[in-house]
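User: I'd like to learn how to read a structure like this one, feature by feature. Could you walk me through it?

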Amino acid sequence: MDATTWVAVASIVTAGLTIGIGAIGPALGEGRAASSALMAIAQQPDESNTITRTLFVSLAMIESTAIYCFVVSMILIFANPFTDLVTQAGGG
Amino acid sequence: MDISTDQWVFWSYGPFELNATIVFTWAVMALLALGSWAVTANLSDSEEISRWQNLLEVIVSGIRDQIRDVGAEEPGRYLPLVGTLFLYIAVANLLLIIPGYDPPTGSLSTTTALALCVLIAVPLFAIRQRGVTGYLRNYIRPTVFMLPFNVIGEISRTIALAVRLYGNVMSGTVIVGILISVAPFFFPIIMQLLGLLTGLIQAYIFAVLAMVYIASATRTHAGGDDNRGDEAAENANKGE
């Protein structure tokens, strides 16, 4: 296998690992946040407006860690800087 | 497949390129500016108001309430910046329902520019409220040793602001692109609907976070500081 193929293999495997492992933490966190919000709404239905608003903001902030992983994996697949580098070096 | 609207070039002349991000940004700006100009051209304060004026009043008073909820006493001062951020991002994301439109917020350049606006606005508001020394004292807040961490926090939260919006909008576009090739016609529409929801929530979050950063910089902290009494007295005077 030449250098370009190695870069492609490494990028694809790493992209899969990145999004796979990176989604675990946010998924657990969002589950905890949602269950706490549901319990809070069940206890205090009057405050459900405030709780829902806070829940949405915190869900989006928790989700952003998964989004960072997604961005990294997208860069690895579609805009990998090392592909050009290897091609220029005559590895392809 | 392009992951950014920057690579979609409409027109180029020499080194100048007019890519889709700029064109769609101008379109959103024109829509917002012309729309609000047309509505505010004939405002009335009688009991009978036009439906568009009603819409604008609901939006503006809603944003004012949200700013007050986050912790600013006088929303009027922050309304231009925060309201513009929210309206621009919301309209840019919601225009996704028009075929052929790519949200300009799906480009890292746009979101970085918006995040830089917040990065600059925070010290400006804080200095206007508390003076240069009052603002700079924020950086050595618990102890002097926290100075590097405060500076790093300032930079990293700006990057997070930019990448969060970019990643959310871009992921919607990319997932729709992938689904079109895998399961065309039905699933992409559902993901587009989800994209509308995400886009509106992200606009709200961007504006709220900007407001939270500004509020935390302008607010006088109740820390163990000698000048605490002076600052509190100063604020009490301002409030009167």
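Analyst: Sure, starting with what a helix is here: helices (H or I, at least four residues) and strands (E, at least two) are DSSP runs, numbered from the N terminus. In that scheme B:Leu193 is found in helix α6 of chain B. This is a predicted model, where local features need pLDDT of at least 70, side-chain atom pairs count only at pLDDT 80 or more, and totals for chains, interfaces and linings use all residues. Residues are numbered from 1 along each chain as its sequence is written, while chains are lettered from A and ligands numbered from 1 in the order in which they are written.

User: How many helices and strands does the secondary structure of chain B come to?

Analyst: Chain B has 7 helices and 2 strands. Read from the N terminus, its elements go β-β-α-α-α-α-α-α-α.

User: Let me take the strands, then. How do I read pairing, and in which sense do β1(B) and β2(B) pair?

Analyst: Two strands pair if DSSP finds at least two bridges between them. In this model β1(B) and β2(B) (residues 16-19) pair in the antiparallel sense over 4 bridges. To follow the register, look at B:Val9, which stands opposite B:Asn19, and at B:Tyr13, which stands opposite B:Phe16. The two strands form a hairpin with 2 residues between them, and B:Gly14 in the turn has a positive phi of about 60 degrees.

User: How do I tell buried from exposed, and how many residues of β1(B) are buried?

Analyst: Count C-beta atoms, placed from the backbone: a residue is buried if 20 or more others lie within 10 Å of its own, exposed if 12 or fewer, and partly exposed in between. Strand β1(B) covers residues 9-13, and of these 5 residues the number buried is 0, so the strand lies largely in the open. Over the 240 residues of chain B, 27% count as buried.

User: Can we try that on single residues? Is B:Leu193 buried or exposed?

Analyst: B:Leu193 is exposed, because 12 other C-beta atoms lie within 10 Å. B:Ser61, in helix α2 of chain B, also counts as exposed, with 11 C-beta neighbours inside 10 Å. On chain A, A:Ser35 sits in helix α2 (residues 24-43) and is exposed with 10 other C-beta atoms within 10 Å. For a buried case, take A:Ile67 in helix α3 of chain A: it has 22 C-beta neighbours inside 10 Å.

User: What is A:Ile67 in contact with, leaving aside its neighbours within four places in sequence?

Analyst: A contact means two C-beta atoms, placed from the backbone, within 7 Å. On that basis A:Ile67 is in contact with B:Arg164, B:Gly167, B:Asn168 and B:Ser171. Across the two chains, 11 residues of chain A are in contact with 13 residues of chain B. The side of chain A that touches chain B has 10 nonpolar, 1 polar and no charged residues. For those classes, Ala, Val, Leu, Ile, Met, Phe, Trp, Tyr, Cys and Pro count as nonpolar, Asp, Glu, Lys and Arg as charged, and the others, Gly among them, as polar.

User: Where does α4(B) bend, and by about how many degrees?

Analyst: The bend at a residue is the angle between axes fitted to the seven residues ending there and the seven starting there. α4(B) bends by about 115 degrees at B:Arg130. You can see it in the span too, where the expected value is 1.5 Å times one less than the number of residues. This helix (residues 108-136) has 29 residues, yet its end C-alpha atoms are only 30 Å apart, short of the 42 Å of a straight helix. Its buried residues include B:Leu114, B:Val118, B:Phe125 and B:Arg130. What covers the buried residues of α4(B) includes α1 (20-41), α3 (75-94), α5 (147-182) and α6 (187-218) of chain B.

User: Last one: which residues of the largest nonpolar core touch the most other members?

Analyst: In soluble globular proteins, nonpolar side chains tend to be buried together. A nonpolar core is a set of buried Ala, Val, Leu, Ile, Met, Phe, Trp, Tyr and Cys residues joined through C-beta atoms within 7 Å. The largest one has 44 residues, and B:Val82, B:Leu85, B:Ile89, B:Phe206, B:Ala207, B:Ala210 and B:Met211 touch the most other members. α6(B) gives the most to this core, with 10 residues. Not counting residues up to four places away in sequence, B:Val82 touches B:Ile63, B:Ile67, B:Ala207, B:Ala210 and B:Met211.
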